[in-house]
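Q: Please go through this structure with me and, for each term used to describe it, set the computed value against the criterion behind the term.

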Amino acid sequence: MKMTRRTVLGAALCLGLGFGVAASAYAEKPLVLGFSQVGAESEWRTANTASIKDAAKQAGVTLKFADAQQKQENQVKAIRSFIAQKVDVIAFSPVVESGWDTVLREAKAAKIPVILTDRAVDASDKSLYVTFIGSDFVEEGRRAGRWLLERAKTMPAGDINIVELQGTVGSAPAIDRKAGFAETIAANPKLKIIRSQTGDFTRAKGKEVMEAFLKTDGKKINVLYAHNDDMAIGAIQAIEEAGLKPGKDILVISVDGVKGAFEAMMAGKLNVTVECSPLLGPQLMKVAKQVLAGETVPKRITTEESVFPAEVAAKEFPNRKY
């Protein structure tokens, strides 16, 4: 019979103090967590990584960390490496939604529980992962849309043309933030998305794509909706270089709530950011320990978040931790 860490520990507990010092020493062995991160493409992701590393230290968890550099094949290799190393729990933030079934089956066959953080997967078998910890990306898109619906009431008559900077193609936040926003603004036929293209969640790509939008439709653009703050900040630079005023000539809506977005709002260049907290580390460590102990956890653990319009930026800025 294959003896896993859990079965050995359980047997030691069942036999009481008979194992003496050996049982005590085993019980004190730190949990080993293998974590595969998307990359370091934004302020948000950097804060997320810091939160996970800091929380692991605080919780006494041995963290094996792998940076996928925004490539799914790198994450698959990392997960297989974690399986080979026989870590206790695997967690990862998937680059894209699909294409995970095979490697997740390998983890399940090795009896290593998997936790998803920040982004979900489109798995045919939901038992291939234990839980998902993160935001409701569809709701984030809806919140952005609701803000625009209210603002549209005060805007001049006629169509309100929107350009959209999408996140990484195939990623859960890009798919869901787009869907939630489109669903919500459909309530006002004046609101029209005239251009939509990926900016890969990066500042440089956001600037590049916005430059292209401005060359094609500069005079027609009324609103920019960016799937994250970094793309919005890059786009703001492009808007300014085109001789326009971001936040006034073109309203700017984004998602994440990083310090850079609050600075842009205080400068009058960004109108609203929808919060998506990256500080998932403490939750991840807690849930990993619960899972290893055999406790039942919810299939989805959603973080609580807010919407911050420019009017509250100065007051809220000192409270920001990322």
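Q: Which residue is the bridge partner of I162 in β7?
A: In this predicted model, I162 has I193 as its bridge partner in β7. The chain then passes from β6 through α7 to β7, a β-α-β crossover that is right-handed.

Q: What makes β6 and β7 count as paired strands?
A: Pairing requires at least two bridges between the strands, and seven bridges join β6 (residues 160-166) to β7, so the criterion is satisfied and the two are paired. They run parallel, and another of the bridge partners is T198 in β7, which belongs to Q166.

Q: What is the order of the strands in the open sheet with mixed pairing, and which strands are its edges?
A: Six strands form this sheet in the order β7-β6-β8-β9-β10-β12. The edge strands are β7 (191-198) and β12 (307-309), since each of them pairs on one side only. From one strand to the next the twist averages 15 degrees.

Q: Which helix lies across β6, β7 and β8, and at what angle does it run to β7?
A: Helix α8 (residues 203-217) lies across these strands, and its direction makes about 135 degrees with that of β7.

Q: Why are α8 and α9 called oblique to each other?
A: Their axes come within 7 Å and cross at roughly 40 degrees, α9 comprising residues 229-241. Angles under 35 degrees would count as roughly parallel and those from 65 to 115 as roughly perpendicular; the angle of roughly 40 degrees falls in neither range, and α8 and α9 are therefore oblique. The crossing is right-handed.

Q: Which residues of α8 and α9 meet, and how do they divide by class?
A: R203, G206, K207, M210, E211 and L214 in α8 meet D230, M231, I233, G234, A235, Q237, A238, I239 and E241 in α9. Seven of the residues in this contact are nonpolar, three are polar and five are charged.

Q: How do the axes of α6 and α7 lie, and what is the handedness of their crossing?
A: The axes of α6 (residues 137-152) and α7 (residues 172-185) come within 6 Å and cross at roughly 35 degrees, and the crossing is right-handed. The residues of their contact divide into nine nonpolar, four polar and six charged; among them are F137, V138 and L149 in α6, and P173, F181 and I185 in α7.

Q: What makes β2 and β11 the edges of the open sheet with parallel pairing?
A: In this sheet six strands follow the order β2-β1-β3-β4-β5-β11. β2 (62-67) and β11 (300-302) each have a single partner strand, so one side of each is left without a neighbour in the sheet. Neighbouring strands here are turned against each other by 20 degrees on average, with direction ignored.

Q: How do you know that β1 and β3 pair?
A: Four bridges join β1 (residues 32-37) to β3 (residues 89-92), and since the criterion asks for at least two, these strands pair. They run parallel, and G34 stands opposite I90 in β3.

Q: Which helices lie across strands of this sheet, and at what angles do they run?
A: One of them is α4 (residues 72-84), which lies across β1, β2 and β3 and runs at about 170 degrees to β1. Another is α11, which lies across β1, β3, β4 (114-117), β5 (131-134) and β11 and runs at about 160 degrees to β4.

Q: Why is α3 called oblique to α11?
A: Helix α3 (residues 43-59) packs on α11 (residues 281-292) at an angle of about 50 degrees, the axes being 7 Å apart. That angle makes α3 oblique to α11, because it is neither under 35 degrees nor within the range of 65 to 115. The crossing of α3 and α11 is right-handed.

Q: Which residues bring α3 and α11 into contact?
A: S51, I52, A55, A56 and A59 in α3 meet G281, P282, L284, M285 and K289 in α11. By class, this contact has seven nonpolar, two polar and one charged residues.

Methods:
Residues are numbered from 1 along each chain as its sequence is written. This is a predicted model: local features need pLDDT of at least 70, side-chain atom pairs count only at pLDDT 80 or more; totals for chains, interfaces and linings use all residues. Side-chain values use heavy atoms; hydrogens and water are left out. Axes are lines fitted to C-alpha atoms, for helices over the stretch in contact, and angles run from 0 to 180 degrees between N-to-C directions. Angles under 35 degrees count as roughly parallel, over 145 as roughly antiparallel, 65 to 115 as roughly perpendicular and the rest as oblique. A crossing is left-handed if the near helix is turned anticlockwise from the far one by less than a right angle, and right-handed if clockwise. Contact means heavy atoms within 4.5 Å. Ala, Val, Leu, Ile, Met, Phe, Trp, Tyr, Cys and Pro count as nonpolar, Asp, Glu, Lys and Arg as charged, and the others, Gly among them, as polar. A crossover is right-handed if, with the strands pointing away from the viewer, the path from the first strand over the helix to the second runs clockwise.
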